[in-house]
Amino acid sequence: MKPLFSAACVLGYFSFLTPAVAGTSADFLLHLCDGDDERSRFACSAYISGATEMFAVHQRHAGDYCPPDTLGSDRVETIWREELNAMPAALKSDAALTLFLSLAGAYPCPETPER
């Protein structure tokens, strides 16, 4: 199961390069996350895991957010859902963008004093 999940994470990570996945709306991802079947829930988890990994790579270079060393897809989904509940208009936005913004809000980097 671990190799399958790892493959799904890698697929999710690289799928941001394709227009179909890059244009996934938050409401569609939420629909997958709320799905009754195992495949929908797996797709949700894989998308969130892939996006989170992509943000971690980006964070190393930009420092936009500072997540804890261990951040599971369930926790990311909870943070994301809280953000969507607070701003329902974001449901029509890009899913990856809403995920990133919710994580950046939940785990901001500490301010560094200017020299």
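Here is a walk through this protein chain, from its helices to its disulfides and a few residues at the surface.

Keep in mind from the start that this is a predicted model. Let's begin with the overall build. The protein chain has six helices and zero strands, so if you trace along the sequence you simply read α-α-α-α-α-α. Of the 115 residues in the protein chain, 37% are buried. Contacts across the sequence matter for the picture too: if you take the contacts with a separation of 6 or more, 73% of them involve residues 24 or more positions apart.Now for how some of these helices meet. Take helix α5, which covers residues 73-86, and helix α6, which covers residues 95-106. Their axes are 9 Å apart, and the two helices pack at an angle of about 95°. An angle between 65 and 115 degrees counts as roughly perpendicular, which makes α5 roughly perpendicular to α6. On the α5 side, the contact is made by Val-76, Ile-79, Trp-80 and Glu-83. On the α6 side you'll find Ala-95, Thr-98, Leu-99, Ser-102, Leu-103 and Ala-106. Sorted by class, the contact of α5 with α6 has seven nonpolar residues, two polar ones and one charged one.

Helix α5 has another partner to look at, helix α3, made of residues 26-33. Here the axes come within 12 Å and cross at roughly 130°. Because of that angle, α3 and α5 are oblique to each other. The crossing of α3 and α5 is left-handed. From α3, the contact draws on Ala-26, Leu-29, Leu-30 and Cys-33, while α5 brings in Glu-77, Trp-80, Arg-81 and Leu-84. By class, the contact of α3 with α5 divides into six nonpolar residues, no polar ones and two charged ones. If Trp-80 sounds familiar, that's fair: Trp-80 is listed in the contact of α5 with α6 and again in the contact of α3 with α5.

Cys-33 leads us on to the next topic. A disulfide is a covalent bond between the sulfur atoms of two cysteines. How many of them does a search of the whole structure find? It turns up two disulfides. Counting the bonded cysteines along the protein chain, the pattern is 1-2, 3-4.

One disulfide joins Cys-33 to Cys-44, with 1.9 Å from S to S. The link of Cys-33 and Cys-44 is right-handed, with 80° about the S-S bond. Cys-33 sits in helix α3 and Cys-44 in helix α4, residues 38-62, so the pair ties together parts that are 11 residues apart in sequence. Are these two cysteines buried or exposed? Both Cys-33 and Cys-44 are buried.

The other disulfide joins Cys-66 to Cys-109, and here the S to S distance is 2.0 Å. The link of Cys-66 and Cys-109 is right-handed as well, with 95° about the S-S bond. This pair links distant parts of the chain, 43 residues apart: Cys-66 is in the loop between α4 and α5, and Cys-109 is in the segment after α6. Cys-66 counts as partly exposed because its relative accessibility is 30%. Cys-109 has a relative accessible area of 22%, so Cys-109 is partly exposed too.

Right along from there is Pro-110, also found in the segment after α6. Pro-110 has a relative accessible area of 64%, which means that it is exposed. Pro-110 and Cys-66 are 44 residues apart along the chain, and their C-alpha atoms are separated by 8.1 Å.

Two other exposed residues are worth a look while you have the model open. Asp-74 is found in helix α5, and at 57% relative accessibility Asp-74 counts as exposed. From Asp-74 to Ile-48 is 26 residues in sequence and 8.7 Å in space, C-alpha to C-alpha. Then there's Pro-88, in the loop between α5 and α6. Its relative accessible area is 53%, so Pro-88 is exposed. Pro-88 and Ala-26 are 62 residues apart along the chain, with 9.9 Å between their C-alpha atoms. You've met Ala-26 before, as one of the α3 residues in the contact of α3 with α5.

Terms used:
Residues numbered from 1 in each chain as written. Predicted model: local features only at pLDDT ≥ 70, side-chain atom pairs only at ≥ 80, totals over all residues. Heavy atoms only, no water. Axes fitted to C-alpha atoms, helices over the stretch in contact; angles between N-to-C directions. Helix = DSSP H or I, 4+ residues; strand = E, 2+ residues; numbered from the N terminus. Parallel < 35°, antiparallel > 145°, perpendicular 65-115°, else oblique. Contact = heavy atoms within 4.5 Å. Nonpolar A, V, L, I, M, F, W, Y, C, P; charged D, E, K, R; others polar. Left-handed = near helix turned anticlockwise from the far one by under 90°. Disulfide = S-S within 2.5 Å. Buried < 20%, exposed > 50% of the residue type's maximum accessible area, 1.4 Å probe, protein only.
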